[in-house]
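Dear colleague,

I am handing over the structure we spoke about, and below it you will find what turned up when I went through it. Please keep it open beside this message as you read.

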Amino acid sequence: MTVFQQLREKGKLAAIHDSSARAYPPRCHTSTRQTLRSRIVRWGTGDENDERMYWVLGPPAVGKSAVAQTIAEEFEKKGRLGASFFFSRRNHLDDPDWVIPTLAYQLATKHPQYKRIITQRLVDDPSILEKNREVQFEKLVIEPFRILMIKYPHTIEEPLLIILDGLDECKDKQAQCELIKLINTHVRQVDDFPLRWMICSRPEWHLNAILSDADGLIVYEHEELRVDDKEAREDAERLLEAGFGKIRREYRLPNDWPPERHLQYITFTASGHLGFVSFILRFVGNEEYDDPDGQLQICMKFLGGGTTVGVSNPLRALDLLYRQILSNVPHNRLPTTMRILAFVILYNRHYYGLDSSDNQARFLNLDPATFYQSLRNLHSVVYVPPMDKSSADPLRIYHASFSDFLMDPSRSGKYWLNERAANYDFALQCLHWLENDGKDTT
């Protein structure tokens with residue numbers, strides 16, 4: 001069996017950025033995420049960067065995978081892409097054991113000297129591919145490039161980029177952390193190594209814990225995609241205008257379509273969420289219906305806040321994502337989690353003294369451990385302040401689409417927030433709070 005056959009058998013080529021299994025992957029529009037993409041290109045192609053890991057974090061569907069895909073294609077054209085692995089739970093590309101063989105396969109296709117080194121290694125010790133990830137990482141990635149640097153110093157004159165996208169969709173949380181730690185240990189200990197690593201993920205609690213671990217000494221460039229800043233809102237507006245322009249040309253619709261009031265309302269509702277905009281455009285331009293104006297009217301009815309029963313859901317893909325996130329909350333914690341979410345959505349900071357997560361927990365009569373454990377699986381949709389900021393920062397929902405999802409029973413199903421029941425609960429809690437003059441009673 002050849003080295004390629006061995007790596008192919010142990011890896012997963014469907015997870016590579018240009019695999020046919022990833023037909024029509026998301027990409028950045030030419031006018032979106034320009035600042036971030038420029039920073040990544042400068043980091044990935046520069047010669048004087050100390051940090052050789054770039055971590056892009058952000059809530060669901062804000063364009064992380066589009067950025068990763070676009071960067072992968074751009075670096076491929078430059079001859080600077082080493083390898084890529086795009087995790088996807090939906091497409092069953094979520095096994096951490098596939099990652100290193102898949103990366104090694106790609107590196108071997110591009111660099112003959114590297115291929116010769118790992119071929120000899122696998123001939124001498126075929127069991128390498130049966131060993132743990134730490135051994136594979138060292139034997140198949142780090143050591144071969146160390147040999148290349150010594151024996152063939154001019155083979156790789158410019159750094160190569162390796163991309164791991166959707167790390168949070170890896171099915172094993174411990175493996176997610178392990179991969180980060182393996183990369184970090186390497187970039188901390190070895191200077192002038194010809195590999196750079198770009199990681200994209202949601203800000204899950206266990207990944208945030210790595211970032212905030214002072215003892216871990218994580219060495220990385222860090223970018224957090226937001227959905228409420230000026231650049232994100234401008235990107236969303238440009239994406240929406242370009243998308244509607246394309247639909248208008250394809251269907252030969254009049255130049256004043258869509259009506260300006262509809263465009264402004266969707267832009268306002270999207271509030272910088274590029275995934276939200278993409279789902280709307282995909283729904284309106286759906287060729288199966290062949291009726292963009294009719295689909296647009298459905299969107300406006302859906303976004304108008306009225307009942308959605310009997311109305312097609314333009315945000316179905318986003319809703320499925322939200323259900324997947326909530327399904328990770330342990331069953332025994334779910335009632336407390338939903339109670340906290342109800343409070344944040346219905347009341348949030350409207351009451352004096354509840355402008356920090358500490359006070360929010362006290363109001364709900366929850367001790368800090370229970371409060372934080374109940375939110376442990378929701379860091380990708382809710383801003384949960386770290387412990388050292390809990391006395392100053394409140395909980396915050398990243399995007400209104402998550403609140404809208406929870407408040408609509410036809411969309412959220414068993415995760416529906418019953419406003420009437422929540423109001424009754426909070427009224428009782430207010431009495432309890434007032435009786436104790438806002439003091440900590442937990």
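The second largest cavity is lined by Val-99, Ile-100, Leu-103, Phe-137, Leu-164, Leu-179, Leu-182, Ile-183 and Trp-197, and the elements that give two or more residues to this lining are α4 (99-110) and α7 (173-189). By class, the lining has 9 nonpolar, no polar and no charged residues, and the volume of the second largest cavity is about 40 Å³. Please bear in mind, here and in all that follows, that this is a predicted model.

How many cavities of 30 Å³ or more does a search of the whole structure find? The search finds 2, and the largest cavity holds about 70 Å³ of space. Its lining consists of Pro-59, Pro-60, Val-227, His-273, Tyr-322, Ser-380, Val-381, Tyr-398, His-399 and Phe-402, which divide into 7 nonpolar, 3 polar and no charged residues.

Two of the residues already named come back when one turns to the nonpolar cores. Phe-402, together with Phe-244 and Leu-341, touches the most other members of the largest nonpolar core, which has 59 residues. A second, separate core has 52 residues, with Leu-103, Ala-175, Cys-177 and Leu-195 among them. As a general point, nonpolar side chains in soluble globular proteins tend to be buried together.

If you look at Phe-244 more closely, and leave aside its neighbours within four places in sequence, you will find it in contact with Trp-257, Pro-258, Leu-263, Ile-266, Leu-281, Val-284 and Leu-296. Two of these contacts, Trp-257 and Pro-258, are themselves joined by a cis peptide bond, with omega at about -5°, and Pro-258 is placed in the loop between α9 and α10. Two other contacts of Phe-244, Leu-281 and Val-284, are among the buried residues of α11. Helix α11 (residues 274-284) is largely enclosed by the rest of the structure, because 9 of its 11 residues are buried. These buried residues pack against α9 (230-250), α10 (260-270), α12 (292-303), α13 (316-327) and α17 (400-407).

The strands are the next topic, and β4 (195-201) is a good place to begin. Since 7 of the 7 residues of β4 are buried, this strand is largely enclosed by the rest of the structure. Leu-195, Trp-197, Ile-199 and Ser-201 point one way from β4, while Arg-196, Met-198 and Cys-200 point the other way. In a regular strand, the side chains alternate between the two faces of the sheet. Strand β1 (residues 53-57) runs parallel to β4 and is joined to it by 5 bridges, with Trp-55 standing opposite Ile-199. Strand β3 (residues 160-165) also runs parallel to β4, joined to it by 6 bridges, and here Asp-165 stands opposite Cys-200. Strand β2 (residues 81-86), in which 6 of 6 residues are buried, runs parallel to β3 with 5 bridges between them, and Phe-85 stands opposite Leu-164.

Some arginines deserve a careful look as well. Is Arg-202, in the loop between β4 and α8 (205-211), buried or exposed? Arg-202 is buried, because its relative accessible area of 5% falls under the 20% cut-off. Leaving aside its neighbours within four places in sequence, Arg-202 is in contact with a number of residues, including Asp-168, Glu-169, Gln-324 and Ser-380.

Arg-33, in the loop between α1 (3-10) and α2 (34-45), has a positive phi of about 55° although it is not a glycine, and at 6% relative accessibility it counts as buried. Arg-252, in the loop between α9 and α10, also has a positive phi of about 55°, but at 79% relative accessibility Arg-252 counts as exposed. For background, most residues other than glycine have a negative phi, and most peptide bonds are trans.

Finally, there is the second largest pocket, which holds about 760 Å³ of space. Of the 29 residues that line this pocket, Asn-208, His-379, Val-384, Pro-385 and Pro-386 are the closest to its centre. The largest share of the lining, 4 residues, comes from α8, and by class the lining has 17 nonpolar, 5 polar and 7 charged residues.

With best wishes

Technical notes. Residues are numbered from 1 along each chain as its sequence is written. This is a predicted model: local features need pLDDT of at least 70, side-chain atom pairs count only at pLDDT 80 or more; totals for chains, interfaces and linings use all residues. Side-chain values use heavy atoms; hydrogens and water are left out. A nonpolar core is a set of buried Ala, Val, Leu, Ile, Met, Phe, Trp, Tyr and Cys residues joined through side-chain atoms within 4.5 Å. Buried means under 20% relative accessible area, exposed over 50%, partly exposed in between (1.4 Å probe, protein chains only). Contact means heavy atoms within 4.5 Å. On a 1 Å grid over the protein atoms alone, a cavity is a set of points where a 1.4 Å probe fits but cannot get out, and a pocket is an open set with protein on both sides within 12 Å along at least five of seven lines; lining residues have an atom within 4 Å of a point. Grid points are joined across faces, edges and corners, and a volume is the space filled by probe spheres set on the points. Ala, Val, Leu, Ile, Met, Phe, Trp, Tyr, Cys and Pro count as nonpolar, Asp, Glu, Lys and Arg as charged, and the others, Gly among them, as polar. Two strands pair if DSSP finds at least two bridges between them.
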